[in-house]
Structures are given as structure tokens and as C-alpha cells.
Amino acid sequence: MSGSERKEAEVRRMMETPHPVVPGGLGAQAAARGDRLLRHHRALRRTLWLALSAALLALAVWALTTEPWLLPPSDTVPPVEGV
């Protein structure tokens, strides 16, 4: 018997057995847990967007105050005197 035939036989055997009794409040519990997970994911997503926005704002403020695109004055050449 190959691996897939063995798995198929096991699934058929499981399907033929009587199904277990499901607790009465299982659906409500699952819905409540799903709501909690959605709220958690939504809050996490908002927090990450807020952190990203704050980082971009801090980068923009830093760039505008320090102007890193300008070259620093050259200190290797002595000043020209007497010209």
C-alpha cells in the first residue's frame, strides 16, 4: 500500500466513525475569539503605520535641519592670502 492510499484509507476510516458531540457555546466562543483577533490585528496595523509615519517625519525633520546633501567645507586646502 502506497503512502497516499494509506492516508486515504485512514481518512475514510475516520469519516465512517460517529462524529463527536460539539459543545453548545462553541460557535459563540469562536466568533468572540475571531472578533478579538481582528481588533488585535487592526490595532497592531495602526500602531505600525503610526510608527512608520513618525519615523518618516523624524527623518524629514533631520534632513531639513542638517542638510546632509550639502558638501562640508574643505579643510585640506589652506586659505589663499595676499591675492
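Helices here are DSSP runs of H or I with at least four residues, numbered from the N terminus. I start my notebook with that, since the first pair I looked up sits within one such run. A reminder to myself as well: this is a predicted model.

**Entry 1: the salt bridge**

I searched the whole structure for salt bridges and found 1. Its partners are Arg12 and Glu8, whose side chains meet at 2.8 Å, N to O. Where do Arg12 and Glu8 lie? Both belong to helix α1, and they are 4 residues apart, about one turn of the helix. That spacing reminded me of a general rule: an α-helix has 3.6 residues a turn, so residues three or four places apart point the same way. I also noted that side chains of opposite charge can pair when their charged atoms come close. Is Glu8 buried or exposed? Neither quite fits: its relative accessible area is 43%, and partly exposed covers the range between 20% and 50%, so Glu8 is partly exposed.

**Entry 2: helix α1 as a whole**

I then checked the length of α1, residues 3-16. Its 14 residues should span 20 Å at 1.5 Å a residue, and I find 20 Å between the end C-alpha atoms, so the two agree. How many of the 14 residues in α1 are buried? The count is 0, so I have written down α1 as hardly covered, buried meaning under 20% relative accessible area.

**Entry 3: helix α2 and two of its leucines**

Next came α2, which runs over residues 26-66. I counted 41 residues in it, reaching 59 Å from the first C-alpha to the last, close to the expected 60 Å. Two leucines of this helix went into my notes. Leu37 is in α2 and is partly exposed at 39% relative accessibility. From Leu37 to Thr47, 10 residues along the chain, the C-alpha atoms are 15 Å apart. Leu50 is in α2 too, and with a relative accessible area of 61% it counts as exposed, because the cut-off is over 50%. I followed the chain 24 residues from Leu50 to Ser74 and found their C-alpha atoms separated by 40 Å.

**Entry 4: the nonpolar patch and Trp62**

Which residues make the nonpolar surface patch? I list Trp49, Leu52, Leu56, Leu59 and Trp62, together making about 570 Å². Trp62 is part of helix α2 and is partly exposed, at 45% relative accessibility. Trp62 turned up again in a backbone contact: its backbone oxygen lies 2.8 Å from a polar side-chain atom of Thr66.

**Entry 5: the end of α2**

Thr66 lies in α2, and its relative accessible area of 43% makes Thr66 partly exposed. What follows α2? I came to Glu67, with a positive phi near 45°. I flagged this one since most residues other than glycine have a negative phi. Glu67 sits in the segment after α2 and, at 35% relative accessibility, is partly exposed.

**Entry 6: the whole chain**

Finally I stepped back to the overall picture. The protein has 2 helices and 0 strands. What are the spans of the C-alpha trace along its principal axes? I have about 105 × 40 × 10 Å. The radius of gyration is 33 Å, whereas a compact globule of 83 residues would come out near 12 Å. Buried residues are 1% of the 83. The exposed area is about 8200 Å², of which carbon and sulfur atoms supply 66%.

How values were computed: Residues numbered from 1 in each chain as written. Predicted model: local features only at pLDDT ≥ 70, side-chain atom pairs only at ≥ 80, totals over all residues. Heavy atoms only, no water. Expected span 1.5 Å × (residues − 1). Buried < 20%, exposed > 50% of the residue type's maximum accessible area, 1.4 Å probe, protein only. Polar contact = N/O pair within 3.5 Å; in protein donor to acceptor, adjacent residues only side chain to side chain. Salt bridge = Lys/Arg side-chain N within 4 Å of Asp/Glu carboxyl O. Patch = residues over 30% accessible without salt bridge, like charges linked within 9 Å, V, L, I, M, F, W, Y side chains within 5 Å. Areas by Shrake-Rupley, 256 points an atom, 1.4 Å probe, with all protein chains shown as cover. Rg over C-alpha atoms; globule rule 2.2 N^0.38 Å.
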